[in-house]
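These notebook entries record what I looked up, one topic at a time. I began with a term that I needed before reading any value.

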Amino acid sequence: ALKTNQSLTVLNFGGNQLGFSGTQAIAEALKSNQSLTALHFEGNSIEDRAALEIAEALNFNRTITGLLLQRNSIGNEGMKSLAQTITMNQNITELDLACNQMESEGVKALA
């Protein structure tokens with residue numbers, strides 16, 4: 001549905017425990033969706049490899065401006081992937097990463 005829907009602008013998956021497979025499926029759909037502007041993934045057990053999937057999708061999707069990823073398990077590697085993406089995708093204006101597993105290495109990638 002996300003691949004073809006062109007009217008939905010905000011998608012909130014907060015607190016659903018999507019994990020890797022759910023996040024991967026959504027990330028794949030984001031590559032072709034051009035209407036979503038905000039994604040809420042807070043509290044979904046998202047780890048580094050799922051964060052990598054989101055980051056990769058945002059290299060294709062230029063309509064997302066808000067990305068909420070708080071209360072997940074994203075560590076340094078996931079943060080590095082997201083940092084590379086926001087360097088290339090200047091449309092992202094809101095990024096919430098509160099309560100994740102990053103350490104100084106991940107923070108430095110975002111700085």
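**Entry 1. A term, and a salt bridge between two helices**

I first noted that a residue counts as buried under 20% relative accessible area, as exposed over 50%, and as partly exposed in between. I also noted that the model is predicted. I then looked up Lys-80, whose relative accessible area is 28%, so Lys-80 is partly exposed. The side chain of Lys-80 meets that of Glu-105 in a salt bridge, with 2.3 Å from N to O. This pair links distant parts of the chain, since Lys-80 belongs to helix H3 and Glu-105 to helix H4 (residues 104-110), 25 residues apart. For Glu-105 I found a relative accessible area of 38%, so this residue is partly exposed as well.

**Entry 2. The other salt bridges I followed**

I noted the general idea that side chains of opposite charge can pair when their charged atoms come close. How many salt bridges does the structure hold? I found four.

I next followed Lys-31. Its side chain forms a salt bridge with Glu-28, and the closest N and O atoms are 3.3 Å apart. Lys-31 also meets Glu-56 in a salt bridge, at 2.9 Å from N to O. Glu-56 and Lys-31 are in distant parts of the chain: Glu-56 is in helix H2, while Lys-31 is in the loop between helix H1 (19-30) and strand S2 (38-40), 25 residues away.

I then checked the accessibility of these residues. Lys-31 has a relative accessible area of 22% and is therefore partly exposed. Glu-28, at 41%, counts as partly exposed, and Glu-56, at 34%, is partly exposed too.

I returned to Glu-105, which is partly exposed, before closing the topic. Salt bridges with shared partners join Glu-28, Lys-31 and Glu-56 into one network.

**Entry 3. Helix H1 against helix H2**

For helix packing, I noted that two packed helices are described by the angle between their axes and the distance between the axes. I looked up H1 and H2: their axes come within 8 Å and cross at roughly 5°. Angles under 35 degrees count as roughly parallel, so H1 and H2 are roughly parallel to each other. On the H1 side, the contact is made by Gly-19, Phe-20, Thr-23, Gln-24, Ala-27 and Leu-30. On the H2 side, I listed Arg-49, Ala-50, Glu-53, Ile-54 and Ala-57. Sorted by class, the contact of H1 with H2 has six nonpolar, three polar and two charged residues.

**Entry 4. Helix H2 against helix H3**

How are H2 and H3 oriented to each other? Helix H2 (residues 48-58) and helix H3 (residues 76-88) pack at an angle of about 5°, and their axes are 8 Å apart. These two helices are therefore roughly parallel to each other. From H2, the residues in this contact are Asp-48, Ala-51, Leu-52, Ala-55 and Leu-58. They meet Asn-76, Glu-77, Gly-78, Ser-81, Leu-82 and Thr-85 of H3. By class, the contact of H2 with H3 divides into five nonpolar, four polar and two charged residues.

**Entry 5. Asn-89 and Gln-90, in one loop**

I looked up Asn-89, which lies in the loop between H3 and strand S4 (94-96). Is Asn-89 buried or exposed? Its relative accessibility is 0%, so Asn-89 counts as buried. The side chain of Asn-89 reaches the backbone oxygen of Leu-58 at 2.9 Å and the backbone oxygen of Asn-61 at 3.0 Å. Leaving out residues up to four places away in sequence, Asn-89 touches Leu-58, Asn-61 and Arg-62.

Gln-90 lies in the loop between H3 and S4. Gln-90 has a relative accessible area of 61% and is therefore exposed. A polar atom of the Gln-90 side chain lies 2.7 Å from the backbone oxygen of Thr-87. For the backbone oxygen of Ile-86, I noted 3.4 Å to a polar atom of the Gln-90 side chain. I also recorded that Gln-90 and Thr-37 are 53 residues apart in sequence and 13 Å apart in space, C-alpha to C-alpha.

**Entry 6. Asn-59**

My final entry concerns Asn-59, found in the loop between H2 and strand S3 (66-68). At 38% relative accessibility, Asn-59 counts as partly exposed. From Asn-59 to Leu-97 I noted 38 residues in sequence and 19 Å in space, C-alpha to C-alpha.

Terms used
Residues numbered from 1 in each chain as written. Predicted model: local features only at pLDDT ≥ 70, side-chain atom pairs only at ≥ 80, totals over all residues. Heavy atoms only, no water. Axes fitted to C-alpha atoms, helices over the stretch in contact; angles between N-to-C directions. Helix = DSSP H or I, 4+ residues; strand = E, 2+ residues; numbered from the N terminus. Parallel < 35°, antiparallel > 145°, perpendicular 65-115°, else oblique. Contact = heavy atoms within 4.5 Å. Nonpolar A, V, L, I, M, F, W, Y, C, P; charged D, E, K, R; others polar. Buried < 20%, exposed > 50% of the residue type's maximum accessible area, 1.4 Å probe, protein only. Polar contact = N/O pair within 3.5 Å; in protein donor to acceptor, adjacent residues only side chain to side chain.
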